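Biologist: I would like to go through the ring pairs and the nonpolar core of this protein.

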Amino acid sequence: MLRRPLGNTGIEVSPLGLGTVKFGRNTAVDYPRPYEIPSDGCIADLLATAQHHGINLLDTAPAYGTSETRIGEAIEGRRDDWVVCTKAGETFDGTESHFDFSEDAILRSVEKSLVRLRTDTVDILLLHSDGRSVDLIESAGAFRALSRLRREAIVRAVGFSGKSAADAEGAMSRCDVLMCTINAGYRDEVGIARKAADLGAGVLVKKTLARGFQGDAETIAETACLDGVTSVVVGMIDANHLAANAAAIRRTCDPRTDLAPRSHTRASRSVRTTR
């Protein structure tokens, strides 16, 4: 699986990323079927399968229960093999989520993530929005914290994961990386992904299967090939599903050509994180 440039960040990622909420959380989640948290052995097999298929992007968050801790344990000693994306702003107490977008809260969150992930640097840090306006999140100090973390080289690239097209539209000029929602039933952010890429941002896509309620491997592949999309992040705990999704992307995106959509190569200017 060829790698794509993540906007202007200098990072390259596979067009399929491994979402890891199911590594550490199975309560207060909206999936069609219940699931068991995978064993350490299952996670090791899944990561080995991912590497076999050329996948290098792992997406996690403090709100994903023990996911960060389990990833840190699983990739210790092989950290350079992976591009790790985590988030800040949301925590989960086992029952419900809590949000704090103050500068101090974001900085403390990242300190804890670094410990759990057993690393000195996070490749991608996204604000984990609760749907309040981007201006309110900025006024709380969150984007200021992102700028500081990137300036101090604790984080390589910063960005935003929102709840709506308005969120994505409002945040894109502040981001190195924008995480959008695109699936069969929700297409409002397809154009936004293209615009963000034109601005030089890397574009990650979440909820491509609408949390498992619709779509299949072909849906994932078609989304990965949309203009402007860098990578589609899919939560998986079954190695067979992972292999099928990777195969679908290889079939749909010509492996003999550069997989980066044209809009990535058009982008030429840096993206700022504050206005």
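The questions and answers below deal with aromatic pairs, charges over rings and core contacts.

Modeller: This is a predicted model, in which local features need pLDDT of at least 70 and side-chain atom pairs count only at pLDDT 80 or more, while totals for chains, interfaces and linings use all residues. Residues are numbered from 1 along each chain as its sequence is written, and side-chain values use heavy atoms, with hydrogens and water left out.

Biologist: How are the rings of Tyr31 and Tyr35 arranged?

Modeller: Rings of Phe, Tyr and Trp (its six-membered ring) pair if their centres lie within 6.5 Å; planes under 30 degrees apart count as stacked, over 60 as edge-to-face and the rest as tilted. The centres of Tyr31 and Tyr35 are 5.7 Å apart and the planes stand at 85 degrees, so the pair is edge-to-face.

Biologist: And which class fits Phe143 and Phe160?

Modeller: Phe143 belongs to helix H6 (residues 142–151) and Phe160 to strand E9 (residues 155–161), helices (H or I, at least four residues) and strands (E, at least two) being DSSP runs numbered from the N terminus. Their ring centres are 6.2 Å apart with planes at 15 degrees, so the pair is stacked.

Biologist: Which residue lies over the face of Phe143?

Modeller: A charge sits over a ring if NZ of Lys or CZ of Arg is within 6 Å of the ring centre and within 35 degrees of the ring normal. At 5.5 Å from the ring centre of Phe143, the residue is Arg174.

Biologist: Which phenylalanines does Leu127 contact beyond its sequence neighbours?

Modeller: Contact means heavy atoms within 4.5 Å. Leaving aside neighbours within four places in sequence, the contacts of Leu127 include Ile106, Leu146, Phe143 and Phe160.
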